[in-house]
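Visitor: Could you pick one part of this protein and take me through it closely, with an eye to what surrounds it? I would like to follow along on the model.

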Amino acid sequence: MFKKILIANRGEIAVRVIRACREMGIATVAVYSDVDRAALHVRKSDEAYPIGPAPAAGSYLRMDKILDVAKRSGAEAIHPGYGFLSENAKFAQACADVGVKFIGPTPHSMEMMGSKTRARQQMEKAGVPFVPGTSRGLASPEEGEEAAKRIGYPVMLKAAAGGGGKGMRLVHTCQELRSALESAQSEAQRSFGDSEVYIEKAIVNPRHIEMQVLADEHGNTVWLGERECSIQRRHQKVLEEAPSPIVDPDMRRRMGEVAVKVAQAANYTNAGTVEFLVDQQKNFYFLEMNTRLQVEHPVTELTTGLDLVHLQIRIASGEKLPFAQSDVAIRGHAIECRIYAEDPDNNYFPSPGKITVLLQPSGPGIRRDSGMYEGWNVPMDYDPLLAKLIGYGTDRQQAIVRLQRALYEYFVAGIKTNISLFQRILCDADFQAGKLDTGYLDRLLAKGNHAVTSRAPEPQIEALETIAAIAAGLFAVLDPASPVSKNGNTAGPPSVPSNWKQKGRSEALR
Ligand code: MV4
């Protein structure tokens, strides 16, 4: 087993991996950019090394600097987290070249799944159901028109090197196809340096459901249940849950077996996720495979009782999976809210700045994977994910009410967050009925900003008023502009009720 692991990441996932290492008696090495000097992952690691300026290209993406720290610190392995270098085959290879274990799949598996067309070719060989379409890039507009005619409109044009919706075009008629293909190819070239675009039948109003898989280095591969990830905004996941409200045990087994086939076709090792599109008739189609631990892994951990980071590290150290497929049981329900530093009243623009007050929820069935703390300055240089709030319950309804309770306890001042959005989602009738698809959140937001219809339980109202009063008092003292902060006593009530009073009142009215 490793004695020291370098975490090549930041924020909540770096803290998450550091915690797992600590539980396993493994020393931790953090790396940080100039703006992250006071970040939580730096505070929690055993050692920390600066690797460069704020822009990721000068720090968290600098393979040479990270490998240099691994060498200087004596780290035997590197956990990449998600994003940054986590799916970079060159980095995984560079680690292998210097004898540092990359905690994840091999470069070969990464490369195979990194191209959507290569992945589809593999699926074709493995007999895995994938969305009807081509498995190679379109060589000409004529080939595109011919394929679209064969598949049937509407069709989806997609960048082979793409992801997250970039280089993707939904095409309804043959008249639009030629121009859509040209713009998809140029966007793919600009975004990924690879203009290859292929074509699929468009699945209308699909659900996005993904299957967690885990494989050791001795040929054992298991599935660990699915996650419903349909609640997205501009291809950014916002809320995920496990299990999916529409997947029954038979469908779960079938999806799991297909996901294992996908992983085996890629000679996959470590933790990975197979993404599916699911149509209104509950047919599922292979979409792509993510060769990393995902942000939303906690909902799988809570419903299986497994620690995926522990297992990743044990697999990377050469251990066999300590259980078989027949030992995997899905129990209860978990829902994850991604808490972003974004302003819901300003088109969810990032809201960096100093967290002046932070009240965090806890209690039965509540898990918080957080990278923030009171007094920390949220930088503007990275993804604005601050923390994940996960509610667990015996069933979906209990998970929902626990999250609603916990969200009322959450209070972040100094920056804006999207916490209010989750109250709207959790009390929405379609959400509560499990009526979800990838267009759900756009429809909810189009309904306009309105007060949350469900009231907090009465005791919560008192708690809310207390929180609002505390916050008003703190704000009055902390805010330099406030008359109180100057000489310790008020200069008479301000003419207009302060934001906190208004906030306190609006919250209490909920
Ligand atoms: C699709 C699709 C419908 N039909 N492919 C979006 C990003 C990339 N992961 C694949 N995506 C989609 N591919 C076909 N053939 C609809 C989407 C899609 C989507 C998929 C998953 C989650 C959110 C989405 C939002 C819009 C479109």
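Guide: Let me start with a word we will need: contact here means heavy atoms within 4.5 Å. Please also keep in mind that this is a predicted model. With that said, let's enter through helix α6, residues 116–126, whose buried residues are K116, T117, A119, R120, Q122 and M123. A general point helps in reading such a list: an α-helix has 3.6 residues a turn, so residues three or four places apart point the same way. The buried residues of α6 pack against α5 (107–114), β6 (155–159), β8 (197–201), α9 (249–265) and β13. Just after α6 comes G127, with a positive phi near 70°.

The contact with β13 leads us to the part I would like to show you. β13 belongs to an open sheet of 8 strands, in the order β13-β12-β9-β10-β11-β14-β21-β19, with antiparallel pairing. Its edge strands are β13 (284–290) and β19 (366–370), each of which pairs on one side only. From one strand to the next, the twist averages 25°. As a reminder, strands of a sheet pair through backbone hydrogen bonds, either parallel or antiparallel.

Let's walk across, starting at β13. Its antiparallel neighbour is β12, residues 270–278, and 6 bridges join the pair. If you want a place to put your finger, L277 has Y285 in β13 as its bridge partner.

Next to the start of β12, have a look at Q312, which sits in helix α11 (residues 308–316). Its relative accessibility is 2%, so Q312 counts as buried. The side chain of Q312 makes a polar contact of 3.1 Å with the side chain of N270, and N270 falls within the residue range of β12. Leaving aside residues up to four places away in sequence, Q312 touches H79, I103, N270, A271 and L293.

Further along the order, β10 (221–233) and β11 (236–242) are linked by a loop that holds R234. Is R234 buried or exposed? With 62% relative accessibility, R234 counts as exposed. Its C-alpha atom is 8.8 Å from that of D442, a residue 208 places away along the chain.

K237, in strand β11, makes a good comparison. At 10% relative accessibility it falls under the 20% cut-off, so K237 counts as buried. A polar contact of 3.0 Å joins the side chains of K237 and E210. The residues that K237 touches, not counting those up to four places away in sequence, include H208, C229, I231, E275, Q294, R338 and Y340.

Now to the other end of the order. β14 (residues 333–340) and β21 run antiparallel and are joined by 8 bridges; H333, for one, has G393 in β21 as its bridge partner. Why is β21 described as largely enclosed by the rest of the structure? Because 8 of its 9 residues are buried. On to the edge: β19 and β21 also pair in the antiparallel sense, over 5 bridges, and S370 stands opposite A387 in β21.

What packs on the sheet here? Helix α1 (residues 11–23) touches β19 and β21 (385–393), and its direction makes about 110° with that of β19. α1 also lies across β1 (4–7), β2 and β4 (77–79), running at about 175° to β1. Those strands are part of another open sheet, made of 5 strands in the order β3-β2-β1-β4-β5, and its pairing is parallel. Its edge strands are β3 (47–52) and β5 (101–102).

Stepping back, we can place this in the domain layout: domain 1 covers 4–103, domain 2 covers 132–201 and domain 3 covers 207–456. The centres of domain 1 and domain 3, taken over C-alpha atoms, are 24 Å apart. Their contact takes 34 residues from domain 1 and 32 from domain 3. Between these domains about 2400 Å² is buried, 58% of it from carbon and sulfur atoms. On the domain 1 side, E12, R16 and E87 lose the most area to domain 3, together 26% of what that side buries. E12 and R16 fall within the residue range of α1, the helix that touches β19 and β21.

Technical notes: Residues numbered from 1 in each chain as written. Predicted model: local features only at pLDDT ≥ 70, side-chain atom pairs only at ≥ 80, totals over all residues. Heavy atoms only, no water. Helix = DSSP H or I, 4+ residues; strand = E, 2+ residues; numbered from the N terminus. Buried < 20%, exposed > 50% of the residue type's maximum accessible area, 1.4 Å probe, protein only. Pairing = 2+ DSSP bridges. Axes fitted to C-alpha atoms, helices over the stretch in contact; angles between N-to-C directions. Polar contact = N/O pair within 3.5 Å; in protein donor to acceptor, adjacent residues only side chain to side chain. Domains from an automatic or database assignment. Buried area = accessible area lost by both parts, 1.4 Å probe.
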